[in-house]
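Student: I would like a close look at one part of this model. Please pick a strand, walk me through it, and then show me some helices for contrast.

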Amino acid sequence: MPSSTRASVAVGRKLETRPLLVVFGATGDLMRRKLLPALYGLSVDGHLPAGSVILGAARSTDYQDASYRSWAALGLKQFSPFHPDAIDPWCDATLFYQPVRDGAADDYRALAERIAALEKEHQLDGNRVLYLALPFEAFAPTIQGLGEAGLGHGPGWTRIVIEKPFGRDLDSAKSLNQLVHQYFDEPSIYRIDHYLGKETVQNLLVLRFANVLFESLWSRDRVSKVEITVAEDLGLEGRAGYYDRAGALRDMVQNHLTQLLSLVAMEVPAAYDAEAIRNEKVKVLRSIAPVRPEQAVFGQYEAGTIDGASVPGYHQEQGVPGSSVTETFVALQLRIENWRWQGVPFYLRTGKRLAQRVTQVVVNFHRPPVTFFKDLDPEDVHSNELVITLQPNEGFDLVFEVKPPGEAMATRTERMRFRYAEQFGNLPDAYQTLLLDVLEGDATLFVRADEVEASWQLFAELLAHPPAPKGYPAGSWGPSAADQLLQPNEEPWSRP
Ligand SMILES: NC(=O)c1ccc[n+]([C@@H]2O[C@H](COP(=O)([O-])OP(=O)(O)OC[C@H]3O[C@@H](n4cnc5c(N)ncnc54)[C@H](OP(=O)(O)O)[C@@H]3O)[C@@H](O)[C@H]2O)c1
């Protein structure tokens, strides 16, 4: 059953085993919108062999196998537009449900028995994935429950996938690492950051290390600044309970933006393997001094207009306390103190209810050192930029100066564009890529224990002394105070 309207994850990757996957948080939003469509997509494309088993686990006792399959099928019909006729039979053959309460030892024993029974009944090989699609508070009791029930190891391999956020700060991340290491070896732990599953993020490695053109320019000698933006036009989407406790620094900066930063800035790894790449990423993080409050601007959105529609401010959102000082916007500047990047400012920016949904890395190159064209003002010659767009409409733009024909000497800024969709069709979903990596035991695109701690360390001071958020109208690019982070004579923040 090949699907024709989207790109499949790597053609030819076929699993040699029929695994059992247990998804904790199986009734949640992530499972319905992302994980089930990704697992179904892997089956449809032939990557997940027929006969594999997915056991959904959550606290609710409202579901049994049959009712869970109906719930899942409804979601799949909404979120996975491929082969709708095959959805019901796939759910019937693949999905099962088991109620498990947080910290209830009896429930984990029952879960272990259910896993063993399903493996026997379906003649599986004993290879298991335990996926924690849970809120942060439920990670520790679930890991403990699994470990104490002896589920840290199985008859074949066992791999545990832990969703973000991995911790709320450095201390909680360290405690969670200690706990998970009691029952699981580091190579079997997959801390997921779905940004790393995006094709464009992986292509950053190819862009940098398969193109002498770019890598030879990739340093303080040629780069004047790097800007990383993850902008959302959406607000809370009913997730006030989670978001108001997290804020933009925990929700986006510590994980997604920091991951992009380390991939953009890292040295050439010794090999294309998980340890070599992650070693280089950690080295970048360790070369950055912890960000101080004066290096950051926090913001909180106020009522405004997006695409012509009025939207409420953060305080008017359902479930947000009127006194909340949670930041919905962060802009910060940091420096990487190593030979490659010394003196180059890196700017990170993220926010909700901004003017446009876009994720971009903009690499700004130096302006020419002298103005050769005597009729031109130096300011008329703009710096070259490499714009890497991760969403939407993934691709690269090279921004450069040209002379408009026929005119007196003048320059105009033009763009050379590459768009994935034009060359390759639609890209595979990040979760599909990452789930297949877990099943194949490839941890390259997952976050290692020391990496997650180094990234929390980077923001420890900022978390301890957060700047008061400044208001910004929904539909803008954040508080104007963010401009003050830029150096004099620097190009302004990019406006995608
Ligand atoms: N949704 C997304 O798009 C998205 C994207 C990236 C990452 N994530 C991450 O994925 C995880 C799950 O997110 P979600 O959006 O699916 O959350 P959700 O919709 O609130 O679902 C949470 C799930 O966990 C179960 N659960 C078990 N123990 C729980 C506890 N102590 N408290 C609350 N729920 C508990 C819930 O079912 P019962 O109440 O029946 O147990 C439910 O199945 C989070 O870590 C989130 O940060 C989500």
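Tutor: We start with one strand and then turn to three helices. Keep in mind that this model is predicted.

Take strand β5, residues 158-162. Of its 5 residues, 5 are buried, so the rest of the structure largely encloses β5. Now look at the directions. Thr-158, Ile-160 and Ile-162 point one way from β5. Arg-159 and Val-161 point the other way. In a regular strand, side chains alternate between the two faces of the sheet. Both groups in β5 are buried.

β5 also has a partner. Strand β4, residues 128-132, pairs with β5 in the parallel sense, over 5 bridges. One place to find this pairing is Val-129, whose bridge partner in β5 is Arg-159.

Next, helix α2, residues 65-79. Its 15 residues reach 21 Å from the first C-alpha to the last, close to the 21 Å expected. The buried residues of α2 are Tyr-68, Arg-69, Trp-71, Ala-72, Ala-73 and Leu-76. In an α-helix, residues three or four places apart point the same way. The buried residues of α2 pack against α1, β2, α3 and β3.

Last, a pair of helices. The axes of α9 (residues 240-265) and α10 (residues 274-286) come within 9 Å and cross at roughly 105°. Angles of 65 to 115 degrees count as roughly perpendicular, and α9 and α10 are therefore roughly perpendicular to each other. In this contact, Ser-262, Leu-263 and Ala-265 of α9 meet Lys-281, Val-284 and Leu-285 of α10. These residues divide into 4 nonpolar, 1 polar and 1 charged.

Methods. Residues numbered from 1 in each chain as written. Predicted model: local features only at pLDDT ≥ 70, side-chain atom pairs only at ≥ 80, totals over all residues. Helix = DSSP H or I, 4+ residues; strand = E, 2+ residues; numbered from the N terminus. Expected span 1.5 Å × (residues − 1). Buried ≥ 20, exposed ≤ 12 C-beta atoms within 10 Å, placed from the backbone. Contact = placed C-beta atoms within 7 Å. Axes fitted to C-alpha atoms, helices over the stretch in contact; angles between N-to-C directions. Parallel < 35°, antiparallel > 145°, perpendicular 65-115°, else oblique. Nonpolar A, V, L, I, M, F, W, Y, C, P; charged D, E, K, R; others polar. Pairing = 2+ DSSP bridges.
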